[in-house]
Amino acid sequence: MSAQQRLSVSQIKKNDYGDLPAHWVSDWLLHVLQKSPSFLITDGAYQLTEAEQAQFNTGIAQMQAGTPLAYLTSKQAFWSLEFEVNEHTLIPRPDTEVLVEQVLDWITQHKNSLSVSNDKPIVAPYQLLDLGTGSGCIAISLAHELATIYPKHWQVTAIDFSTEALAVAKRNAQLNRVSNIEFLHSDWFSVLNGSETTEKPLFDVIVSNPPYIVDNDQHLDKLKAEPLSALVALDNGLGDIKQIAEQARDYLVRGGLLAVEHGYDQGELVRQMFTDFGYDQVKTMKDYGGNDRVTLGIYG
């Protein structure tokens, strides 16, 4: 490939890459070049080397074939942190940050009843459980914030059935220097079941972003690169949410919070489900697009 044939940064910015989002193209280019965003403005005349252009073109082809940008770069920003992702984990979405926001708001609003205070010592930390943690983005973001706001007051437990996902989550905890978190391999609550000599642990907060998509949903075609088991649920997408809402009652303290992410069209059904299972103060919060996204309820 001659220098005349090689593309410049400006030419790449002007090219049409079909349905690919423009920020995917620019972010992929920056990843290949290992440059900061300002490079696209200050060095438009820069011509890619043969190796850089080959890597860039390969990535463009992969994205056009359905591979998300995050799987090419192996990273995705979420909350105030950065997370490793791969084909064993879902890619964190901005709408899921609503779940983190709501949990933190609830803890702040109830810090007096929980006796959460930086100047008040505690005998044991409060407990938060994240079910189906995947990359760990929810659990780690919450653990990070709680450790900053209420040092040594909160311990987070993160559960997933996928050992591959748990390996990623553990690396993400190390990457973000979060230590107030424990990872367990389990199918939902099964690892927490008590025995004749041990009692079931109780949590002040249980959160989850479980599978909630119907198996024939047209949106799945756009998510074909991500793990299907983390996306699709039985019973019209409500099977896992129902199991969590029903069983969480055995693991929540009285007055504890259950917060679950769900589909944009499932808010009314999830609220009814929470109410049927005896949760109080049930409400649904909208995501940044104005769609129902997170339902919360208080146990007991």
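**A buried pair of positions and the model**

Tyr-251 has a relative accessible area of 2% and is therefore buried (under 20% relative accessible area, where over 50% is exposed and anything in between partly exposed, with a 1.4 Å probe and protein chains only). Phe-189 likewise counts as buried, because its relative accessibility is 1%.

The model is predicted, so that local features need pLDDT of at least 70 and side-chain atom pairs count only at pLDDT 80 or more, while totals for chains, interfaces and linings use all residues. Residues are numbered from 1 along each chain as its sequence is written, and side-chain values use heavy atoms, with hydrogens and water left out.

**Aromatic pairs**

Seven aromatic pairs are counted (rings of Phe, Tyr and Trp, the last by its six-membered ring, with centres within 6.5 Å; stacked under 30 degrees between planes, edge-to-face over 60, the rest tilted). One of them joins Phe-78 and Phe-83 edge-to-face, with 6.2 Å from centre to centre and 70 degrees between the planes, and both of these residues are buried.

Phe-189 and Tyr-251 form a stacked pair, in which the centres are 4.6 Å apart and the planes differ by 10 degrees. Phe-189 belongs to the loop between strand 5 (181-185) and strand 6 (203-208), and Tyr-251 to the loop between helix 9 (239-247) and strand 7, so this pair ties together parts that are 62 residues apart in sequence. (Helices, H or I of at least four residues, and strands, E of at least two, are DSSP runs numbered from the N terminus.) Elsewhere, Phe-274, Tyr-279 and Tyr-299 are linked into a cluster by ring pairs.

**The hairpin of strands 1 and 2**

Strand 1 (residues 75-78) pairs with strand 2 (residues 81-84) in the antiparallel sense, over four bridges (pairing requires at least two DSSP bridges). At Phe-78, a member of the edge-to-face pair described above, the bridge partner in strand 2 is Leu-81. The two strands form a hairpin with two residues between them, and in the turn Trp-79 has a positive phi of about 55 degrees.

**Two buried residues and their surroundings**

His-262 lies in the loop that runs between strand 7 (252-261) and helix 10 (267-276), and its relative accessible area of 0% is why it counts as buried. When neighbours within four places in sequence are set aside, His-262 is in contact (heavy atoms within 4.5 Å) with Tyr-212, Ile-241, Gly-267, Val-270, Thr-284, Asp-292, Arg-293, Val-294 and Thr-295.

Val-25 is placed in helix 2 (residues 22-33) and is buried because its relative accessible area is 8%. Residues up to four places away in sequence not being counted, Val-25 touches Ile-12, Tyr-17, Leu-20, Phe-56 and Ile-60. The last of these, Ile-60, is 35 residues from Val-25 in sequence, with 7.4 Å from C-alpha to C-alpha.

**Positive phi at exposed positions**

Most residues other than glycine have a negative phi. Lys-152, however, has a positive phi near 70 degrees; Lys-152 is found in the loop between helix 7 (137-149) and strand 4 (154-160), and it counts as exposed because its relative accessibility is 79%.

Gln-281 is not a glycine either, yet its phi is positive, at about 50 degrees. This residue is placed in strand 8 (residues 279-286), and with a relative accessible area of 60% Gln-281 is exposed.
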